[in-house]
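Student: I would like a close look at one part of this model, with its surroundings worked through in order. Please pick a single element and say what it pairs with, what it touches and how it sits in the whole.

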Amino acid sequence: MNKDADFWNKASGKYSRMPISDIASYDHKLAKTREFFDEETIALEIGCGTGSTALLHAPYVKHYIATDFSSEMIRIANEKLQTSEAENVTFKTEKIEDLTVNEPIDVVLAMSVLHLVADLDETISRVNHWLKPKGIFITSTVCLGNGMKFFRLIAPIGRLFGFMPLLKIFTRSHLKERLEKNGFRVIYEWQPEKKRFASVFIIAEKT
Ligand SMILES: C[S@@+](CC[C@H](N)C(=O)[O-])C[C@H]1O[C@@H](n2cnc3c(N)ncnc32)[C@H](O)[C@@H]1O
């Protein structure tokens, strides 16, 4: 079993019961994302967790594919799907690094995920390959390099002892630079006011 997927498998029950900490910010991100959706949109979400965002977005697109390497997260997502009205959502247990995409994608979403992948450049480059020309990459990312650098010390120890996931510490400008180096143009960026450590929401277009 993949150690990192195992961390998220164990966290899944608690994660699914956790309330959204900042509803106004969450709603802002949902609304902004939907500006890039229409009835023909094929959307792909990586690291979808228990699928709440996927199910909320589903009515605005043609097909919504949502993936996560935690089989427990996907099990809970499929349970939610059973009781929802959505008929255009597919949940799949897939690791980002192994994911094969068979159809060109209009919009890729990575919400609270990019700080959790081992190789940021590789992930962004994979997303770029999955997208159609001018496709859209929507991300919300914890950038702990902007003030919480001590996590660089804590994170590897926490991961070793199993109480923290794989966690990468980088700044907002590093993230933007990596997006631009891997074939994207940042077209929108936002962070809630006065919340320095809140996730950075970025929308980028494939160049
Ligand atoms: C912080 S949660 C975010 C879940 C969801 N996107 C949300 O916003 O609530 C991070 C999710 O990413 C998944 N994840 C982390 N690394 C991954 C990888 N390499 N491949 C696939 N999923 C991954 C975890 O299993 C977890 O469900």
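Tutor: The following account takes strand 7 as its part and works outward from there to the sheet, the helices and the ligand. Keep in mind throughout that this is a predicted model.

Begin with the chain as a whole. It holds seven helices and seven strands, and from the N terminus on the elements run α-α-β-α-β-α-β-β-α-β-α-α-β-β. Strand 7 comprises residues 200-206, and the order just given ends with two β elements. The seven strands form an open sheet with mixed pairing, in the order 3-2-1-4-5-7-6. In that order strand 7 sits between strand 5 and strand 6.

Which strands are left with a free side, and why? Strand 3 (89-93) and strand 6 (184-190) are the edges; each has a single partner strand, so one side of each is without a neighbour in the sheet. On average, neighbouring strands of this sheet are turned by 20° against each other, direction ignored.

Now the two pairings of strand 7. Towards strand 6 the pairing is antiparallel and runs over six bridges. Two positions show the register. Valine 186 stands opposite alanine 204 of strand 7, and phenylalanine 184 has lysine 206 of strand 7 as its bridge partner. Towards strand 5 (residues 131-141), six bridges again join the strands, which run antiparallel. Here isoleucine 138 is opposite isoleucine 203 in strand 7.

How enclosed is the strand? Five of its seven residues are buried, so strand 7 is largely enclosed by the rest of the structure. For the chain of 207 residues, 35% count as buried.

One residue of the strand deserves its own paragraph. Glutamate 205 lies in strand 7, and because 18 C-beta neighbours fall inside 10 Å, glutamate 205 counts as partly exposed; the cut-off for buried is 20 or more. Leaving out residues up to four places away in sequence, glutamate 205 touches Lys134, Ile136, Phe184, Arg185 and Ile187. Lysine 134, one of these contacts, lies in strand 5. Its phi is positive, about 65°, although lysine 134 is not a glycine. Lysine 134 counts as exposed, because 10 C-beta neighbours lie inside 10 Å. Another non-glycine with a positive phi, of about 60°, is serine 112, placed in the loop between strand 4 (105-111) and helix 5 (120-130). Serine 112 is partly exposed, with 14 other C-beta atoms within 10 Å.

A distance from glutamate 205 leads to the ligand. Serine 70 is 135 residues away along the chain, and the C-alpha atoms of glutamate 205 and serine 70 are 28 Å apart. Ser70 is among the residues that come nearest to the ligand, with Trp8, Gly47, Gly49 and Phe69, out of 18 residues around it. By class, the shell around the ligand consists of nine nonpolar, five polar and four charged residues.

Trp8 also takes part in a helix contact. Helix 1 (residues 3-17) packs with helix 4 at an angle of about 35°, and their axes are 7 Å apart. Helix 1 contributes Trp8, Asn9, Ser12 and Ser16, while helix 4 contributes Ser71, Glu72, Met73 and Ile76. Three of the contact residues are nonpolar, four polar and one charged.

To set strand 7 in its overall frame, take the dimensions of the chain. The C-alpha trace spans about 45 × 35 × 35 Å along its principal axes. A compact globule of 207 residues would have a radius of gyration near 17 Å, and the 16 Å of the chain agrees with that. Among contacts with a separation of 6 or more, 67% come from residues 24 or more positions apart.

In short, strand 7 is paired antiparallel with strand 6 and with strand 5, and five of its seven residues are buried.

Conventions. Residues numbered from 1 in each chain as written. Predicted model: local features only at pLDDT ≥ 70, side-chain atom pairs only at ≥ 80, totals over all residues. Near = placed C-beta within 6 Å. Nonpolar A, V, L, I, M, F, W, Y, C, P; charged D, E, K, R; others polar. Pairing = 2+ DSSP bridges. Helix = DSSP H or I, 4+ residues; strand = E, 2+ residues; numbered from the N terminus. Axes fitted to C-alpha atoms, helices over the stretch in contact; angles between N-to-C directions. Rg over C-alpha atoms; globule rule 2.2 N^0.38 Å. Buried ≥ 20, exposed ≤ 12 C-beta atoms within 10 Å, placed from the backbone. Contact = placed C-beta atoms within 7 Å.
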